[in-house]
Amino acid sequence: MTAILLKKDQVFHVMDPYYGGLWELDRVGIEQYLKFLEIYKNDEVSTEKIKKKYSKIISQEMIDFMIKEKMPIDTTYFPRVILENINEAEDGIIVPPEIILEVNRKCNYRCPWCYIPTMEEQDETLTLKEIEEQIIIPFVNKGAKCWTLTGGEPSVTFERTLSIVKMISKYTKEKHGEEADISILSNGYKFSEYAEKYFEAGVSKVQFQLSSPYEEEEIKLRNPKGGINSFEHVIEGVKKANELRYFTSINMVVSPDKNIKGIKDMILLADNLKLDMLRITPVVMAGMAKENGICLDIENYTKIKNNTKAGRELLKEDSTLEIYLPHFDLENDRPMRCGLGFIDFYIDYRGIVFPCNNLIDDELKCDPGTIKEFTGPEIWFGSKMLNRFRDYLNTNIGEECGACEYRGMCVGNCIARCWQRYGKFDLLEMPKECFRTI
Ligand SMILES: C[S@@+](CC[C@H](N)C(=O)[O-])C[C@H]1O[C@@H](n2cnc3c(N)ncnc32)[C@H](O)[C@@H]1O
Ligand code: SF4
Ligand code: SF4
């Protein structure tokens with residue numbers, strides 16, 4: 001849960017887009033909040049101890065308020081850096097995002113649901129120098145802490161990926177004296193072989209993709225090239241990652257009829273493997289998924305929900321596995337909000353920026369241009385495309401959709417799902433052809 005700060009005429013808004021939290025603070029309040037985040041992170045002590053130890057720095061009222069309101073404490077940025085630069089902050093978003101970087105667009109698997117429409121690098125790939133000068137250094141200078149490296153498959157270009165990790169780590173340490181928070185998304189390929197080098201370079205989190213708990217079905221579904229056993233690569237990768245104490249997760253993309261019935265066993269496998277987290281992701285109808293007509297209906301969603309519940313119930317009480325499935329039961333009238341415009345910044349292999357990984361259609365490029373012409377922060381803070389998603393004081397859900405019992409399955413909180421299904425970014429008016437009638 002990441003906090004975001006926005007400012008209008010010296011009034012600051014702290015926002016938690018995923019869970020709908022919004023808090024208004026004045027200048028003194030925001031300074032105290034940022035100090036609190038800094039202290040909390042560094043001390044990892046209980047809130048009671050924080051009260052005792054820091055009530056001279058942060059007012060008792062503010063500490064009580066933050067605890068009572070359960071204000072978010074995870075950030076994509078170093079709070080101290082935001083605090084140092086707060087006098088120069090301009091209206092709008094004032095914190096850097098989590099940078100999600102496609103290190104390549106090459107992949108040795110062929111998942112039929114991949115949101116990337118084609119695995120061919122049709123344009124020039126960013127050079128390491130461009131990545132360093134236009135993305136890493138300027139974002140680190142703005143206080144960015146969180147980075148996710150994705151692809152294609154990052155491990156297909158291992159040396160390049162490793163160089164990027166090293167640059168992020170180096171600049172973050174030099175500038176802020178702290179470790180960056182670096183994640184890798186991987187199909188699992190050769191991860192056990194590369195895990196140690198990634199870890200030493202500064203990667204601390206890995207998310208593997210695995211589509212089925214059954215070896216044969218998994219290989220059939222993700223279709224790896226050249227006889228690769230995609231199941232084994234993930235299992236070996238997880239074991240190695242655990243040994244090295246990565247934060248380890250699996251993402252299971254669920255597509256109609258294919259792997260819904262495997263959810264229960266996937267939960268047991270994840271628990272057995274001692275994963276930190278299992279994500280169950282209903283497929284987004286983007287890229288190849290759209291091209292291949294892969295799209296879930298009400299019956300599929302209901303099975304996903306029920307199978308996940310049944311799987312959870314099979315876990316022992318002392319299981320530490322966290323299972324993440326998007327909420328299907330949303331309260332009425334809750335607007336669609338997610339990382340879009342607030343948390344995530346997606347840069348493709350050419351340096352073109354898109355609002356999120358599921359919104360990489362050509363017409364959705366973030367102005368003003370590519371990373372070759374503008375630095376990452378210039379685009380993040382100045383993009384009209386991103387600013388249109390920051391209209392957080394207005395709703396984007398009309399009465400009919402707001403009260404619809406299928407809203408969680410149809411689009412949920414995800415603006416990309418809405419765009420891919422209906423070609424628009426809001427549901428102020430109910431679409432003529434609608435999910436509940438298909
Ligand atoms: C495009 S992949 C790139 C990294 C790596 N090759 C992998 O498979 O993890 C990044 C993540 O997006 C997920 N993904 C791909 N297509 C998707 C879709 N249509 N809907 C939801 N998730 C998708 C994958 O499961 C994977 O976890
Ligand atoms: S989801 Fe990952 S592994 Fe599958 S085709 Fe896309 S990039 Fe490759
Ligand atoms: S588009 Fe249809 S299914 Fe989706 S939220 Fe609106 S009324 Fe419900």
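## Helix α9

In this predicted model, helix α9 runs over residues 230–244, and its 15 residues reach 21 Å from the first C-alpha to the last, close to the 21 Å expected at 1.5 Å a residue. Just after α9, Arg 245 takes a positive phi of about 70°.

The buried residues of α9 are Ser 230, Phe 231, His 233, Val 234, Gly 237, Val 238 and Ala 241. Seen down the axis of the helix, these buried residues fall within an arc of 160°, so they line one face of α9. Such a pattern can be read against the general geometry of helices: an α-helix has 3.6 residues a turn, so residues three or four places apart point the same way. The buried residues of α9 pack against two helices, α7 (191–201) and α8 (215–222), and against two strands, β8 (203–209) and β9.

## The open sheet

Strands β8 and β9, against which α9 packs, belong to an open sheet of 9 strands, whose order is β11-β10-β9-β8-β7-β6-β5-β12-β13 and whose pairing is mixed. Its edge strands are β11 (322–324) and β13 (353–354), each of which pairs on one side only.

Within this sheet, strand β5 (residues 98–102) and strand β12 (residues 344–347) pair in the parallel sense over 4 bridges. One residue pair can be named here, since the bridge partner of Ile 100 is Tyr 346 in β12.

## Surroundings of ligands 1 and 2

Ligand 1 is surrounded by 19 residues, of which the closest are Asn 187, Gln 209, Asn 251, Val 284 and Ala 289. Two strands of the sheet, β7 (181–186) and β9 (247–254), each supply at least two residues of this shell. By class, the shell around ligand 1 holds 11 nonpolar, 7 polar and 1 charged residues.

Around ligand 2 lie Cys 107, Tyr 109, Arg 110, Cys 111, Cys 114, Ile 116, Gly 151, Gly 152, Glu 153, Asn 187, Gln 209 and Arg 222. Asn 187 and Gln 209 thus appear in the surroundings of ligand 1 and of ligand 2. The shell around ligand 2 divides into 5 nonpolar, 4 polar and 3 charged residues.

## Surroundings of ligand 3

The shell of ligand 3 has 13 residues, and the closest are Cys 401, Cys 404, Arg 407, Cys 410 and Cys 434. Helices α15 (399–402) and α16 (407–410) each supply at least two residues of this shell. In terms of class, the residues around ligand 3 divide into 10 nonpolar, no polar and 3 charged.

Key. Residues are numbered from 1 along each chain as its sequence is written. Chains are lettered from A and ligands numbered from 1 in the order in which they are written. This is a predicted model: local features need pLDDT of at least 70, side-chain atom pairs count only at pLDDT 80 or more; totals for chains, interfaces and linings use all residues. A residue is near a molecule or strand if its C-beta atom, placed from the backbone, lies within 6 Å of it. Ala, Val, Leu, Ile, Met, Phe, Trp, Tyr, Cys and Pro count as nonpolar, Asp, Glu, Lys and Arg as charged, and the others, Gly among them, as polar. The expected span of a helix is 1.5 Å times one less than its number of residues. A residue is buried if 20 or more other C-beta atoms lie within 10 Å of its own, exposed if 12 or fewer, and partly exposed in between; C-beta atoms are placed from the backbone. The arc is that of the directions from the helix axis to the C-beta atoms. Two residues are in contact if their C-beta atoms, placed from the backbone, lie within 7 Å. Two strands pair if DSSP finds at least two bridges between them.
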